[in-house]
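The following is a walk through one protein model, taken part by part. Please keep the sequence and the 3D view side by side while reading.

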Amino acid sequence: MNTRDRLTGGRAVVAARDADSTPDTTEIRRLAAAAGYDVVGEVTQRRTEDLRYDLGAGKARDLAATVADADADAVVYDGELSPGQYADLLDLFPAGTTLVDRYRLVLDVFAEGAGSAAARTQVRLATLRYELPRLERMEGESALNRKVFEKGSPVLDARRRIDDLEAKLDDLADAAADRRERRREEGFDLVTLAGYTNAGKSTLLRRLADDLTLDPTDPDGASRHADLADSASVEDRLFETLETTTRRATLGGRRVLLTDTVGLVADLPHDLVRSFSATLDEVAAGDVVLAVVDASADDRRLRRRVETTVEVLAGDATGPVVPVLNKVDRLDEAGRAAAEAVVADVLGDSDADVRDTVAISALDGAGVDDLRAAVRSALPDATAAFTLPMSGEAQALVSWIYEHGDAAVEYGPETVEVRFSGKPSVVAEARRRAIDLRDGTTDGAT
Ligand SMILES: Nc1nc2c(ncn2[C@@H]2O[C@H](COP(=O)(O)OP(=O)(O)OP(=O)(O)O)[C@@H](O)[C@H]2O)c(=O)[nH]1
Ligand SMILES: [Mg+2]
């Protein structure tokens with residue numbers, strides 16, 4: 001089965017089944033659009049899983065008829081089909097129809113958009129992990145038919161390539177970890193933005209990043225926000241961001257690196273999420289993680305998205321998690337309170353160190369100052385006080401301290417008094433330099 005070179009796009013019928021309610025196809029339609037499909041029809045069913053087709057047999061035949069009537073190229077199936085269901089459904093459809101399940105659809109979106117070597121490697125790995133059980137099934141069948149492969153087999157080949165890609169990704173992950181370590185040594189705190197796709201992570205990143213800080217006295221402020229305006233024009237496209245990106249920001253005197261990550265989506269097998277491990281690595285490495293949520297989703301979707309986010313974060317976030325309720329510009333007071341209640345309810349069950357929720361609009365900037373303050377106070381802190389003899393070297397140290405944290409400096413006739421709070425490693429470094437400089441420092445470090 002070679003699906004790697006298959007082109008996405010074309011006319012698609014979406015199909016969905018849900019045991020508990022009439023399926024809502026909004027998200028799968030958007031995912032299909034993100035993968036380049038034109039959605040020309042839909043077939044849904046409320047029932048428990050049918051082992052043969054997932055849908056009931058009658059409904060599966062309706063689906064085949066809809067595909068024929070609509071002259072569709074593909075069926076986009078909202079769910080994960082077993083290899084058997086996949087093969088049996090395909091048999092019903094007109095010849096040449098492509099069948100894409102939710103998992104495959106997400107892979108297609110990434111395959112189309114992945115730019116860097118790391119992203120392409122991740123897509124290849126995820127694709128092979130998806131194909132392996134299907135290849136194993138086909139090989140099992142051929143073995144039964146006594147068509148045993150003499151040397152090598154597609155299954156062995158896929159397993160070998162999976163091992164190779166895993167090794168390659170490990171190397172890339174090690175390089176990223178080294179880079180983060182260097183940044184920490186340079187005095188940066190690492191803040192990661194994570195959350196469901198379309199929550200507004202990238203918009204928030206642009207809002208918080210240094211080169212876009214909106215200053216009302218700055219005549220260029222409006223043009224600096226040009227990329228915020230751009231983002232507003234892209235209405236609700238899922239998986240806008242396909243790779244992690246990092247930008248600098250300054251929060252209450254602390255220099256931080258903000259990392260934007262790939263969005264999450266519900267109902268994907270864990271190993272697919274794992275394949276995009278850069279997101280999880282960034283979550284694990286963050287001194288603080290911002291869990292960004294689109295507050296304007298209805299209650300049921302909001303709950304599902306927060307749950308998906310928590311499932312991913314809970315295992316990986318080691319530092320504090322600040323829930324960020326975004327897009328509150330779309331809500332009235334009551335809507336905002338309802339959304340906050342859902343977030344508090346879901347996050348209350350999590351094991352992570354969850355802080356108070358901050359409501360914001362990344363688009364218009366409301367609440368963003370509160371968010372800066374909340375992130376600042378969630379960053380690990382240490383404080384120290386020094387009295388230094390007045391000298392050129394002391395001046396140099398004072399400048400360094402200003403650059404690396406919050407400093408209050410008082411000049412006496414012959415001494416400089418410094419009170420300093422900041423990143424623990426930076427405070428330790430400042431203390432070391434101060435001790436090198438003088439003898440009689442009062443060290444009030446806490
Ligand atoms: N009304 C409103 N829209 C917003 C806000 N923040 C973001 N958006 C819009 O929501 C959509 C998604 O925003 P993104 O920043 O791309 O979302 P994301 O979380 O990075 O999405 P992925 O990269 O797909 O994971 C865009 O159309 C934004 O303009 C907000 O505060 N209010
Ligand atoms: Mg994004």
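Thr 241 is a buried residue, because its relative accessible area is 17% and the cut-off for buried is under 20%. The model is a predicted one, and that applies to each value below.

Thr 241 is a good place to begin, since it belongs to the metal site. Which protein atoms act as donors to the magnesium ion (ligand 2)? They are OG of Ser 202 and OG1 of Thr 241, at 2.0 to 2.1 Å from the ion. These two residues come from distant parts of the chain, 39 residues apart: Ser 202 belongs to helix 7 (residues 201-208), whereas Thr 241 sits in the loop between helix 9 (226-233) and strand 6 (245-251). Ser 202 counts as buried because its relative accessibility is 17%.

The UniProt record (unreviewed entry) lists Ser 202 and Thr 241 under "binding site". Although the two are spread over 40 residues of sequence, they cluster in space, with a largest C-alpha distance of 7.6 Å.

The helix that carries Ser 202 can be looked at as a whole. Helix 7 is mostly covered, with eight of its eight residues buried. The buried residues of helix 7 include the charged-name entries Lys 201, Arg 206 and Arg 207, along with Ser 202, Thr 203, Leu 204, Leu 205 and Leu 208.

Strand 6, which follows the loop of Thr 241, is the next stop. Arg 248 is located in strand 6. Is Arg 248 buried, exposed or partly exposed? With a relative accessibility of 45%, Arg 248 counts as partly exposed, because that class lies between the 20% and 50% cut-offs. Arg 248 and Leu 190 are separated by 58 residues in sequence, and their C-alpha atoms are 9.6 Å apart in space.

Now turn to the earlier part of the chain. Strand 3 (residues 74-78) pairs with strand 4 (residues 98-101) in the parallel sense, over four bridges. One of the residues involved is Ala 74, whose bridge partner in strand 4 is Thr 98. Together with helix 3 (residues 83-92), strand 3 and strand 4 make a β-α-β unit, and the unit is right-handed.

Helix 3 contains Tyr 86. Tyr 86 is buried, because its relative accessible area is 13%. From Tyr 86 to Tyr 53 the C-alpha distance is 7.5 Å, with their positions 33 residues apart in sequence.

Two backbone angles in this part of the chain can be checked next. Most residues other than glycine have a negative phi. Asp 54 has a phi near 75°, a positive value in a residue other than glycine. Asp 54 lies in the loop between strand 2 (37-46) and helix 2 (57-70), and it counts as buried because its relative accessibility is 7%. Asp 71 is not a glycine either, yet its phi is positive, at about 55°. Asp 71 is placed in the loop between helix 2 and strand 3. Is Asp 71 buried or exposed? Asp 71 is exposed, because its relative accessible area is 58%.

The aromatic side chains give another view. How many aromatic pairs does the structure hold? There is one. Tyr 103 and Tyr 130 form this pair, which is tilted, with 4.9 Å from centre to centre and 45° between the planes. The pair links distant parts of the chain, 27 residues apart: Tyr 103 is in helix 4 (residues 102-113) and Tyr 130 is in helix 5 (residues 117-144). Tyr 103 counts as buried because its relative accessibility is 3%, and Tyr 130 counts as buried because its relative accessibility is 5%.

Tyr 130 has a further neighbour: Arg 134 lies over the face of its ring, at 4.0 Å from the ring centre. A contact of this kind also involves Phe 188, where the charged end of Arg 255 sits over the ring, 4.4 Å from its centre.

The last stop is a feature taken from the record. UniProt (unreviewed entry) places a "coiled-coil region" at residues 155-182. What is the secondary structure over residues 155-182? The chain there is 100% helix and 0% strand, and the C-alpha atoms at the ends are 41 Å apart.

Notes. Residues numbered from 1 in each chain as written. Chains lettered and ligands numbered in written order. Predicted model: local features only at pLDDT ≥ 70, side-chain atom pairs only at ≥ 80, totals over all residues. Heavy atoms only, no water. UniProt positions renumbered as here; feature names shortened; annotations may be inferred. Donors = N, O, S within 2.8 Å, 3.2 Å for Na, K, Ca; no water. Buried < 20%, exposed > 50% of the residue type's maximum accessible area, 1.4 Å probe, protein only. Pairing = 2+ DSSP bridges. Right-handed = clockwise from strand over helix to strand, strands pointing away. Phe/Tyr/Trp six-rings, centres within 6.5 Å; stacked < 30°, edge-to-face > 60°. Lys NZ or Arg CZ within 6 Å of the ring centre and 35° of its normal.
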